[in-house]
Every structure is written in C-alpha cells, then in structure tokens.
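Work through the exercises below with the sequence and the coordinates open, and try each task before reading its solution.

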Amino acid sequence: MPWLWLVVGGLFEVGFTTSLRFVEGFRNVPWTLAFLVSVAISMGLLEVASRAIPMGTAYAVWGGIGAVGTVAVGILWFHEPSSMVRVLLILAIVAAIAGLRAIG
C-alpha cells in the first residue's frame, strides 16, 4: 500500500506543477487553490509512504513520477518540445523509478 500512496502522491505533484503554470503570481484564486490542495495532498502522501519506504527511495520515486508526468503534460497539452533525446532521457527516469521499485 505505501507504493500506491507514493504513486498517487507523485500524480498530485503533476497536479501542482500544472496548476503552477496558471496561478499568475497567486492572483488567480481557483488555480492557486488547486495548487495548494495538490501540494498538500502530494506532500502528505509522500510522508505516509515514507513511513514504510526509505525516504531517499520514496523521494526519488515521487520526484521522478512528478518530473515524468510534468514533462508528459507539457508535451501533450502545452506543445512543449518532444525531441528524441528528450524522450529517451525521460525513459531513463522511468527505468530508474522501476529499478528503485524493484529493489525497494
């Protein structure tokens, strides 16, 4: 179950990074609330998961999920660049996350 909480927390990290794009200096209240709620849930789930998963591993996986998810959102919805090198480097992060899960 801790790994599930960690994955969900990583997905909420994608939520807060995506919301951050729209907060407009924290003047856009709905997006600011979405950002704050996503941060709170994401950090809370990281803390819960780290009770059973070593903190270094939990943080690396959580951050990796957030990074990969944020890049995917950027490419799919915001038309950010998706060069072959960029995609291969993102796949390397995914491989590292899978490796940490396999040993942890």
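**Exercise 1: a surface patch**

Identify the residues that make the nonpolar surface patch of about 450 Å². Solution: the patch is made by M84, V87, L88, L91 and V94, where a patch joins nonpolar side chains (Val, Leu, Ile, Met, Phe, Trp, Tyr) within 5 Å, taken from residues with over 30% relative accessible area and no salt bridge. A salt bridge here is a side-chain nitrogen of Lys or Arg within 4 Å of a carboxyl oxygen of Asp or Glu, and accessible areas come from the Shrake-Rupley method with a 1.4 Å probe. The model is predicted, so local features need pLDDT of at least 70 and side-chain atom pairs 80 or more, whereas totals for chains, interfaces and linings use all residues. Numbering runs from 1 along each chain as its sequence is written, and side-chain values use heavy atoms, without hydrogens and water.

**Exercise 2: classifying three residues**

Decide whether V94, T57 and T32 count as buried or partly exposed. Solution: buried means under 20% relative accessible area, exposed over 50%, and partly exposed in between.
- V94, found in helix 4, counts as partly exposed because its relative accessibility is 38%.
- T57, which lies in helix 3 (residues 55-78), counts as buried because its value is 17%.
- T32, found in helix 2, counts as buried because its value is 11%.

Helices are DSSP runs of H or I with at least four residues, numbered from the N terminus.

**Exercise 3: contacts**

Find what T57 touches, not counting residues up to four places away in sequence. Solution: with contact meaning heavy atoms within 4.5 Å, T57 touches W3 and L100 under that exclusion. W3 is itself among the buried residues of helix 1.

Notes: Helices (H or I, at least four residues) and strands (E, at least two) are DSSP runs, numbered from the N terminus. Buried means under 20% relative accessible area, exposed over 50%, partly exposed in between (1.4 Å probe, protein chains only). Patches are made of residues with over 30% relative accessible area and no salt bridge: like charges are joined within 9 Å, nonpolar side chains (Val, Leu, Ile, Met, Phe, Trp, Tyr) within 5 Å.
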